[in-house]
Amino acid sequence: MKSTAHLFTEQARAALADDSLQAALRRAKSGFIDKRAAAIAAFPDFDGLRERGRRIKDHTLAHLDHYLERFADAVEACGGHVHWARDADEARRAVLDICQRAQARSVIKGKTMVGEEIGINGALEQAGLEVVETDLGEYIIQLAKEPPSHIIAPAVHKTRAQICQLFAEHHGSTAALREAPELVAEARAILREKFLAADVGITGGNFLVAETGTVVLVTNEGNGDLSLTLPRVHIVLAGIEKLVPTLDDAATMVRLLARSATGQEISTYTTFVTGPRRANEPEGPDEYHVVLLDNGRARMLADEFREMLRCIRCGACLNHCPVYSAIGGHAYGWVYPGPMGSVLTPQFIGLDGTKDLPNACTLNGRCQDVCPVKIPLPGLLRRLRDLQFERRIIRGPQRWALRLWGWVARRPRLYHRLTALAARFAPRGAARRLPLDPGWTRSRDFPLPKGRTFKSAWQERQRQENGHG
Ligand code: SF4
């Protein structure tokens with residue numbers, strides 16, 4: 001997918017002014033948050049489960065070469081094939097080769113963020129194949145020719161009226177406002193035909209189990225199961241970080257994922273796929289392929305962003321992020337939005353073209369609190385800001401402002417004197433006219449000084465409590 005992450009500010013401004021987007025975001029946000037909170041409250045020790053999940057992922061990442069080999073051996077032993085892709089180009093070529101060898105003309109797809117990452121739809125369509133998304137949200141945005149705006153709810157930015165309009169244009173149905181079940185039935189009738197006619201099914205994989213070569217696939221619509229069962233060829237697209245050692249570990253991760261993503265105890269369909277159809281089985285594909293994508297992940301393993309590889313793509317950090325909730329996913333300009341995207345996108349496409357992403361964060365820490373695998377997202381975003389400064393990606397007045405701030409902040413006595421002076425004497429509105437980086441206050445508030453600093457107010461309170469007031 002082509003990146004427009006460098007246009008973050010303009011895209012965010014447009015998103016804030018888009019009334020229907022704002023309505024869709026408001027509706028989606030409370031649903032996700034409330035359901036997750038209820039599911040976690042009903043689980044006796046969710047924090048213990050999070051800790052177990054974190055350990056499983058850390059252990060796997062520490063021995064990833066070993067588990068990848070085990071997984072590949074197990075897949076081959078079951079009659080499947082593993083393809084290693086160093087980057088997006090190699091992954092696209094692997095998928096295209098499989099499709100061409102199978103003389104495929106039509107491909108159906110379950111939801112796969114790795115598919116978005118490597119731009120698989122465009123590559124297949126260019127080669128003359130018909131590609132149809134079968135996850136309802138993905139299907140809607142495919143009709144709208146838009147990228148997903150949320151990693152688990154790709155069409156969350158669309159209102160019902162917009163979907164009615166879209167279906168009317170593409171299906172020739174009525175554009176009148178209709179209820180969701182009617183729209184679902186219409187999409188289902190069209191997709192059924194596509195499922196039956198497809199030669200190849202492409203899905204993602206939520207977890208890859210090293211001991212058995214199993215791919216665990218979690219969906220709520222059953223489209224994943226149809227995509228992997230009906231066509232004669234099944235291709236799984238997954239990042240190398242999706243490994244877990246055992247089926248028990250996969251069970252722990254599935255429990256974390258369902259509760260964090262959609263607030264369910266378990267997703268409606270949790271499917272374990274191990275190889276192609278056996279001789280005694282009535283259904284399943286003749287060919288089974290797993291394309292394992294690196295695309296910068298091995299480099300992350302060895303650097304300070306390794307913890308980001310624990311991500312299980314649940315979307316909880318997006319749902320709890322005030323920035324994502326205000327602007328939606330498209331403003332981030334690439335595949336992965338929200339806090340997880342602001343860390344991942346610079347890893348995958350470079351820090352230069354993603355300058356605004358690490359700064360699109362209030363550092364309130366909510367994302368880290370809700371992350372099922374305890375990824376320290378605010379710390380990683382802060383580290384990216386440091387790197388921007390060190391590599392001179394931040395330039396001009398902003399650089400000088402940060403330098404000056406850093407110099408003063410390292411001298412506590414001077415810092416306290418200056419802040420006390422500013423709190424007492426700064427004229428009204430001075431904070432909005434910062435001389436070194438006026439852009440900083442163009443689109444956000446900077447509270448005016450209240451006449452005293454927090455430190456002096458705290459000291460006075462302590463004195464009063466100790467009876468010296
Ligand atoms: S960073 Fe954590 S909360 Fe965000 S999508 Fe990944 S696992 Fe979920």
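**Exercise 1.** Which strands does helix H12 lie across, and at about what angle does H12 run to S6?

Solution. The model is predicted.
Step 1: locate the helix; H12 spans residues 247-262.
Step 2: list the strands beneath the question; H12 lies across S5, S6 (214-219), S8 and S9.
Step 3: give the angle; H12 runs at about 15 degrees to S6.

**Exercise 2.** State the strand order of the sheet that contains S5, S6, S8 and S9, and find its edges.

Solution.
Step 1: the 4 strands form an open sheet with mixed pairing, in the order S8-S5-S6-S9.
Step 2: S8 (243-244) and S9 (269-273) each have a single partner strand, so they stand at the edges, with one side of each left without a neighbour in the sheet.
Step 3: take one pair as an example; S5 (residues 207-209) and S8 are parallel, joined over 2 bridges. Within this sheet, Leu 208 has Leu 243 of S8 as its bridge partner.

**Exercise 3.** Describe the sheet of 6 strands in the same manner.

Solution.
Step 1: this open sheet has parallel pairing and the order S1-S10-S7-S4-S2-S3.
Step 2: S1 (81-85) and S3 (130-133) are the edge strands, each pairing on one side only.
Step 3: on average, neighbouring strands are turned by 20 degrees against each other, direction ignored.
Step 4: S1 pairs with S10 in the parallel sense over 5 bridges, and Trp 84 stands opposite Leu 292 in S10.

**Exercise 4.** Asn 295 and Lys 374 have positive phi values. Is each residue buried or partly exposed?

Solution.
Step 1: recall the background; most residues other than glycine have a negative phi.
Step 2: Asn 295, not a glycine, has a phi of about 50 degrees. This residue sits in the loop between S10 (287-293) and helix H13 (297-301).
Step 3: for Asn 295, 22 other C-beta atoms lie within 10 Å. The cut-off for buried is 20 or more, so Asn 295 is buried.
Step 4: Lys 374 has a phi near 55 degrees and belongs to the loop between helix H17 (366-370) and helix H18 (377-390).
Step 5: Lys 374 has 19 other C-beta atoms within 10 Å, so it counts as partly exposed.

**Exercise 5.** Which residues come nearest to the ligand, and how is the shell around the ligand made up by class?

Solution.
Step 1: there are 15 residues around the ligand, and Cys 311, Cys 314, Cys 317, Met 340 and Cys 371 come nearest.
Step 2: by class, the shell holds 12 nonpolar, 2 polar and 1 charged residues.

Terms used
Residues are numbered from 1 along each chain as its sequence is written. This is a predicted model: local features need pLDDT of at least 70, side-chain atom pairs count only at pLDDT 80 or more; totals for chains, interfaces and linings use all residues. A residue is near a molecule or strand if its C-beta atom, placed from the backbone, lies within 6 Å of it. Ala, Val, Leu, Ile, Met, Phe, Trp, Tyr, Cys and Pro count as nonpolar, Asp, Glu, Lys and Arg as charged, and the others, Gly among them, as polar. Two strands pair if DSSP finds at least two bridges between them. Two residues are in contact if their C-beta atoms, placed from the backbone, lie within 7 Å. Axes are lines fitted to C-alpha atoms, for helices over the stretch in contact, and angles run from 0 to 180 degrees between N-to-C directions. A residue is buried if 20 or more other C-beta atoms lie within 10 Å of its own, exposed if 12 or fewer, and partly exposed in between; C-beta atoms are placed from the backbone.
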